[in-house]
Amino acid sequence: MATIVAEPTGRPVVREPHELSFIRKYIFSSDHKVIGIQFLFLSLFFLLAGGLLAMMIRWQLAWPGQPMPLGSLFPETMAPDGIMLPEFYNSLVTMHGTFMIFFAVMLLLVGVFANYLIPLQIGAPDMAFPRINMASFWVAVPAGLIALASFLVEGGAAGAGWTSYAPLSAMPEASGVSLGQQMWIVSLVLLGLSSILGSTNYITTVINMRAPGMTWMRLPLTVWALFITAILALLSMPVLTGAMIMLLFDQTIGTHFFLPAEGGQPLLWQHLFWFFGHPEVYILILPAMGFTSEILANGSRKPVFGYHAMVGALVSIAVLGFMVWGHHMFQSGMNPLLATSFMVSTMVIAVPSAIKTFNWMGTMWRGNLHFHTPMLFAIGFVMLFVIGGLSGIFMASAPFDIFIHDTYFIVAHIHYVLFGGALFGIFAAIYYWFPKMFGRMMNEKLGKVHFALTFLFFNLVFFPMHTQGLAGMMRRLYQTTGYEHLEGLQWTHVLITISAFGLFLSGMLFAVNFAWSLFRGPKAPANPWNATTLEWQTPSPPMHGNWEEVPVVYHGPHEYSHPDVADKDWLAQNERPDVVSPARP
Amino acid sequence: MAGAVTYYAGRAPERGLAVYTQKVGMWVFLASEVMFFTSLIGSYIILRFGASETWPLPGEVLNIPITAINTFILICSSVTMVKAFAAAEVGDKRGTRLFTLATALIGSTFLGVQILEYRELLHEGFGPSSGLYGSTFYTMTGFHGFHVFSGVCCLFWASWKAFRGGYDNRAYKGLEVLGLYWHFVDLVWIILFTVVYLI
C-alpha cells in the first residue's frame, strides 16, 4: 500500500461544446477567471500609477523647490519649470491614496482574487451571477478612467486628501478644485457600485454553490477571508456612497449637508466616512491574511494551526470593525467618554489579530519549511503586519493619538499595514497563483531578489517615518523647510526618498518578472506547489467551467503531512478516503 | 450557467441556505440597500437634532394628506405584487398578467403623484437648496423615487414577459425576486413617510 491513485471523485461534467467569439471570451466575458485576470491588469496599472505619484511626492519632500527630473513635461498649472505647485502636491497626495486604496489594493485583493479563487476553491463552475460579475468589472473601468482624467480638467484632480474632509471638499472656493472633486466622487460612487455587485456575487456563491462535501469548516481560509471581506464591503460601501452623494449635492445643487454656515455638520461627513473607512481597512487586510494562512501552511507543509480560531478571529475582526470608527476622530472634539469607549473597542481588536499572528507562528513551528517566493512574502507579511499592528495599538490610545494625530507616525502605520501587510500578501498571492492563472511559472530567482530588495527598502522608507512623526513632521506637508522643529529632519527625508526610489525599482523587477513569465515562463504543472485545495486539482489554467469531473470533498482544506498518508506530504481535498494509502494500516 | 450543463452531475451542491440562488442574491443585495438608506436617514436624524429649533413642524411645508393617500397607493401595489406571485405559483397565467401589470401601473401612479408634489413644492420656492430641510427632503425622497422608478421599469418588463406567457408554476422565481425588491422599496417608503412627514 504505497501509492495514491488519483481516482476521479465525481461523475464527469456534461458539457455542451460551444465556441465563444473573441469579444465574449476575452473582453465582455462572464467567466470568473477572465474577469479576475482583467481586474489584475487594471489594478496593477493603478499600482504603477499610484507608485509614480508617490515618487513625485517623495521628490518634493527631499528636495523642496528643486525641479523634478522630467518635470518640464508637466504643464504650467501643475509644475512650472518642473517645480511642483502646492495645489498639484495636494492632488498628488489625494490621488496617491485614492489610487492605492481603492483601485490598486482593494481591486487586487477582492476584484482579482475573490473572482478568481472563490469558484475554484469551493468547487463551483462559476459565480452565482456571471453577468452581474461582468458588470462589476465594466463599472470599475470607467471609475478608474474618470479618476485618471480628473488630472486633466481645469483646477486639477481632487486635493482634499483621500478622506476628503468637509467643508474643504464641499467648498470649491476654498480648495480651488471644483470639477476634479466631483469627478473623484463620481468615480468612487461607481467603484462602490462595482464593489456591491461583486460582493453580492461572492456572498451568494459561497453560501449556495459549494461542491458536495465542501462544508463551512472545510473552506480554505482564503475563501473564509474573502467571504467575510465581501460582507464588510456589502455593508460599508453603501454608507460611503450615501455620504458621497450628499457631498456631490453640496457642490452641485446647493444642498447644505456638510456646510456649517447653513446649519450643516462637517463632523457628519467624518462619521459617515469612517463608518465606511474602518471596515474598509479590514477589507484591505483580511484577504491578505487568508492568502498568508494558506501559503504559510503550504510552505511549512503543515496544516494551519488553529483553523477554527482563525475563522473565529476573522469573524470577530469584522464585527469589531464596525464599532471602532471613532478612533479616527479623537481630535474632532468628541466627548472624552465616547473616545474611551472607542479606545477600548479598538484595543479589543488586538486580541483576534494576535490570535492570527500566533497561529501563523504555530503553523510554521517545527514545519518542513520551503522558502519559495510566495512563502517569503507571506513571512514578510507576518513580520510587517506585527509592526503595523503594534503601532496601531499606540494610535488606539486616545492620549497618545492626540499627540501623533496627522503626523508621519500615521503615515508610517498605514503603510506598514497596507504595503507591508496587504501588498506583501498580494505579492505572495500573485507568485503563488500565477501558475494557475496563466499556466506558466514565475521566475523564482528574480522573485527572491524582488522580495529581498522590497523588504529592505520598504523598511528603510517607512520605519524612519515613525520617528519623523514623533518629531512633529506633519502629514500632507508640502514644504518641509521653514519650520524650526523640522530642520534637523531634512536628511531623513533624503534618506527616505532615495530608499523610495529603490523600492519603486524593485517593484519594476516584479513587473519585468510578471511580463516575462507571462510569455516565456516554463509551463506550469497542475499542482506546482503540491497544494491541497481544489483549484490545484484541475489543469493550469483551468478550462471554461473549471472541472473535468465534479469535485467531491472529503477532507479539510490544509491537510499537509497527514499522518495517515504514506508516500506524500499532502492530501488533496477531493481524494477519496478509500483510495488514500494508509501509513499505519 | 447555460441550462445544458449539469455541473454537479446530478448531485446537489453542499447545502447552503435551502433557498434558490437568485433569492439569496436578492437578500444579500437588499442588505446593502438597507445600509444605503440607513446612511441617508441617519444623516437626516443627526442634522435635524442639530437644528431642531429651526426645523419646520410637520405639515408646515409638506402636504401630508396627499402623501398619505400616495402611501396607501404604494402599499396597494405591494398587495397586487403578492397576488401576481401567488397567481404565477399556481399557474394562473391570466392572474399573473393582470396583477403584474397592475403593480407596474400603481407604482407609476405613485411616481406621478411624487412628481406633482415636487412641482408644487418647487413652485412655492422650496427646493434642494432651501436649507437643511430641503436638502434632506429631496435627497431621501428622491433616492427612494429612483428606486421606485427602477422597480417600475422591471415591473413593465415583467408584465411584457407575463403577457408572452413567461411565468408559470415552474418559472416564477424572477417574479418572486422582483417582489422582494418591491416590498423592500415599499417598506423604506413607510419609514421615510413616518420620519419625514409625520414626526
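This presentation describes a predicted model with chains A and B, its confidence, its core, two helix pairs and several backbone features.

Let me begin with the conventions. Residues are numbered from 1 along each chain as its sequence is written, and chains are lettered from A and ligands numbered from 1 in the order in which they are written. Because the model is predicted, local features need pLDDT of at least 70 and side-chain atom pairs count only at pLDDT 80 or more, while totals for chains, interfaces and linings use all residues.

I turn to confidence. The model scores ipTM 0.91 and pTM 0.94. The pLDDT, which is the predictor's confidence in each residue from 0 to 100, averages 92 in chain A, where 96% of the residues score at least 70. In chain B the average is 89, and 94% of the residues score at least 70.

Where does pLDDT stay under 50 in chain A? That stretch is residues 1–9, for which the model has 23 contacts beyond four places in sequence. A contact here is a pair of residues whose C-beta atoms, placed from the backbone, lie within 7 Å. In chain B, pLDDT stays under 50 over residues 1–7, with 14 contacts beyond four places in sequence.

Among the elements of chain A, helix α1 (residues 22–27) has the lowest mean pLDDT, at 80, and helix α9 (residues 286–300) has the highest, at 97. Helices (H or I, at least four residues) and strands (E, at least two) are DSSP runs, numbered from the N terminus.

Chain B comes next. Its elements are 5 helices and 0 strands, in the order α-α-α-α-α along the sequence. Its C-alpha atoms fill a box of roughly 65 × 35 × 20 Å along the principal axes. Of the 199 residues in chain B, 36% are buried. A residue is buried if 20 or more other C-beta atoms lie within 10 Å of its own, exposed if 12 or fewer, and partly exposed in between, with C-beta atoms placed from the backbone. Among the contacts of chain B with a separation of 6 or more, 81% join residues 24 or more positions apart.

Now the core. In soluble globular proteins, nonpolar side chains tend to be buried together. A nonpolar core is defined as a set of buried Ala, Val, Leu, Ile, Met, Phe, Trp, Tyr and Cys residues joined through C-beta atoms within 7 Å. The largest one in this model has 231 residues, and those with the most contacts inside it include A:V105, A:L107, A:F227 and A:L284. Helix α3 (residues 86–122) of chain A gives the most to this core, with 25 residues. A:F227 touches A:Y202, A:I203 and A:V206, leaving aside residues up to four places away in sequence.

Helix α3 of chain A also holds A:G97. Is A:G97 buried or exposed? A:G97 counts as buried because 20 C-beta neighbours lie inside 10 Å. From A:G97 to A:G161 the separation is 64 residues in sequence and 7.7 Å in space, C-alpha to C-alpha.

Two helix pairs deserve attention. Axes are lines fitted to C-alpha atoms, for helices over the stretch in contact, and angles run from 0 to 180 degrees between N-to-C directions. Angles under 35 degrees count as roughly parallel, over 145 as roughly antiparallel, 65 to 115 as roughly perpendicular and the rest as oblique.

In the first pair, α9(A) and helix α12 (residues 350–364) of chain A pack at an angle of about 15°, with their axes 9 Å apart. They are therefore roughly parallel to each other. Among the residues making this contact are A:M289 and A:L296 of α9(A), and A:K356 and A:W360 of α12(A).

In the other pair, α3(A) and helix α7 (residues 221–252) of chain A pack at about 130°, with axes 10 Å apart, and are therefore oblique to each other. The residues that meet include A:V110 and A:F113 in α3(A), and A:T222 and A:L226 in α7(A).

I close with the backbone. A cis peptide bond joins A:A166 and A:P167, with omega about 0°, and A:P167 sits in the loop between α4 (130–149) and α5 (172–175) of chain A. The bond from A:S540 to A:P541 is also cis, with omega near -15°.

A:R301, in the loop between α9 and α10 (307–321) of chain A, has a positive phi near 55°. A:R301 is partly exposed, with 15 other C-beta atoms within 10 Å. For A:R366, phi is likewise near 55°, and this residue is exposed, with 8 other C-beta atoms within 10 Å.

How values were computed
Contact = placed C-beta atoms within 7 Å.
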